[in-house]
Amino acid sequence: MDKYIEIMQLFQITNPVGYSEEEVEKAEAEAGGLPLELKNFFLKYGKSPELHGLQDELMLPDRFESSKSDYIIFFNENQGVCQAGVKKSDVSLPDPPVYVSAGGGEWKESAASVSEFLIAMYGYQASICLPFNTEEFYWITPEEKEKIEQIFTKRPEHFHNWLYEWNITVYGDNNEGRIALMENDEEDAIQMQYSANTEREFRRMNGYLDSIGEAI
C-alpha cells in the first residue's frame with residue numbers, strides 16, 4: 001500500500017502529478033543530492049495541483065541558496081518565516097530526519113523522517129485548507145484537549161518546532177477530515193483548527209467541536 005494514501009484521500013488526488021526526472025535531477029545537482037524518499041515524493045506527487053496553494057508550500061530545493069547552508073530546504077511556511085529541510089550530510093540516508101529553522105535561527109529536529117514529516121505536515125495543511133472548514137483558529141484549554149483525545153483518533157505522525165517552537169499533533173478518525181493542535185511549551189493555551197473534504201464529515205466533527213475553544 002502507498003504510504004501516502006492518507007494524503008491522497010484527504011486532498012482527493014485521483015491523478016497524482018510529479019516533477020520530471022530532468023527537473024528532479026537538476027534540483028538534486030544544485031542541492032548536492034536528495035534523499036531517496038524526498039526524491040521519490042517529488043517524482044510521484046510534487047506537481048499535484050491539490051498539494052499546492054495550501055497554507056504552506058512544498059517545493060524543489062531551488063528557491064533558496066542551499067549552497068550557503070548545511071541544509072537542503074524543501075518546505076516553506078507561507079510567509080517565509082520557517083523552512084524545513086534535511087541535512088546535506090544525510091542525503092545518503094533513504095529517509096532521514098527533518099529539521100526546521102524559524103527566522104533564520106537555529107535548526108532543530110522536527111520529525112524522525114521525511115515520510116513522517118510529509119504525512120504529518122499534510123495532515124496539518126488539511127486541518128486548515130480542506131473545502132469544509134471553520135474559517136477560524138481557536139484557543140483551547142488542556143481540559144478541552146483531553147476531550148478531543150477521548151473522541152478522536154490521534155494520528156501516529158507528528159512534527160515539532162514549526163514556526164516558533166510549535167509542536168503539532170494531528171487527529172482524525174478517517175481520511176475525510178483532520179484536526180490539528182498546536183502547542184508551545186512556554187504557553188498554556190493550545191491552538192486548534194479543523195476541516196473536512198465532505199460536508200457530512202465536517203458536520204460530524206463540528207458536532208463535537210463547535211462548543212470547544214475561543215476564536216482567535
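**Close-up views of a predicted model**

**View 1. Leu36 and its surroundings.** Leu36 lies in helix H3, and, like everything shown in these views, it belongs to a predicted model. With a relative accessible area of 48%, Leu36 counts as partly exposed, because that class covers values from 20% to 50%. Leaving aside residues up to four places away in sequence, Leu36 touches Leu93 and Pro94. Leu36 and Leu93 are 57 residues apart along the chain, and their C-alpha atoms are separated by 7.5 Å.

**View 2. The buried residues of helix H3.** Which residues of helix H3, which spans residues 36–45, are buried? They are Glu37, Leu38, Lys39, Phe41, Phe42 and Tyr45. These buried residues of H3 pack against three helices, namely H1 (5–10), H2 (21–31) and H4 (114–129), and also against two strands, E1 (57–58) and E2 (71–76).

**View 3. The open sheet of five strands.** The strands of this open sheet follow the order E1-E2-E3-E4-E5, and their pairing is antiparallel. E1 and E5 are the edge strands, each of them pairing on one side only. As general background, strands of a sheet pair through backbone hydrogen bonds, and they may do so in a parallel or an antiparallel way.

**View 4. Strand E2 between its two partners.** Six of the six residues of E2 are buried, so that this strand is mostly covered. On one side, E2 pairs with E1 in the antiparallel sense over two bridges, and Glu57 has Asn76 in E2 as its bridge partner. E2 is also joined by five bridges to strand E3 (residues 82–87), and these two strands run antiparallel. Within that pairing, the bridge partner of Ile73 is Gly85 in E3. The hairpin of E2 and E3 has five residues between the strands, and there Gly80 takes a positive phi near 75°.

**View 5. The hairpin of strands E4 and E5.** How many bridges connect strand E4 (residues 98–102) with strand E5 (residues 108–111)? The two strands pair over three bridges, in the antiparallel sense. Val98 has Ala111 in E5 as its bridge partner, while Tyr99 stands opposite Glu109 in E5. Five residues lie between the strands of this hairpin, in which Gly103 takes a positive phi near 60°.

**View 6. Two residues with a positive phi that are not glycine.** Most residues other than glycine have a negative phi. Glu135, which is not a glycine, nevertheless has a positive phi of about 60°. Glu135 is found in the loop between strand E6 (132–133) and strand E7 (138–140), and at 72% relative accessibility it counts as exposed. Asn161 is another residue other than glycine with a positive phi, in this case near 60°. Asn161 has its place in strand E8. Is Asn161 buried or exposed? Asn161 is buried, because its relative accessible area of 17% falls under the 20% limit.

**View 7. The cavity and its lining.** Rolling a probe the size of a water molecule over the atoms shows where empty space is left. The structure holds one cavity of 30 Å³ or more, and the largest cavity has a volume of about 30 Å³. Its lining is made up of Glu6, Ile119, Ala120, Gly123, Arg155, Glu157, Val170 and Arg178. The elements that give two or more residues to this lining are H4 and strand E8 (154–161), and H4 gives the most, with three residues. Sorted by class, the lining of the largest cavity has three nonpolar, one polar and four charged residues.

**View 8. Two cysteines without a disulfide.** A disulfide is a covalent bond between the sulfur atoms of two cysteines. In this structure the count comes to zero disulfides, when the two sulfur atoms are required to be within 2.5 Å. Cys82 is in no disulfide, and the nearest cysteine sulfur, which belongs to Cys129, is 16 Å away. Cys129 is likewise in no disulfide, with the sulfur of Cys82 as its nearest cysteine sulfur, 16 Å away. How exposed is each of these residues, and into which class of accessibility does it fall? Cys82 counts as buried, at 0% relative accessibility, whereas Cys129 is partly exposed, with a relative accessible area of 27%.

Note on methods. Residues are numbered from 1 along each chain as its sequence is written. This is a predicted model: local features need pLDDT of at least 70, side-chain atom pairs count only at pLDDT 80 or more; totals for chains, interfaces and linings use all residues. Side-chain values use heavy atoms; hydrogens and water are left out. Buried means under 20% relative accessible area, exposed over 50%, partly exposed in between (1.4 Å probe, protein chains only). Helices (H or I, at least four residues) and strands (E, at least two) are DSSP runs, numbered from the N terminus. Contact means heavy atoms within 4.5 Å. Two strands pair if DSSP finds at least two bridges between them. On a 1 Å grid over the protein atoms alone, a cavity is a set of points where a 1.4 Å probe fits but cannot get out, and a pocket is an open set with protein on both sides within 12 Å along at least five of seven lines; lining residues have an atom within 4 Å of a point. Grid points are joined across faces, edges and corners, and a volume is the space filled by probe spheres set on the points. Ala, Val, Leu, Ile, Met, Phe, Trp, Tyr, Cys and Pro count as nonpolar, Asp, Glu, Lys and Arg as charged, and the others, Gly among them, as polar.
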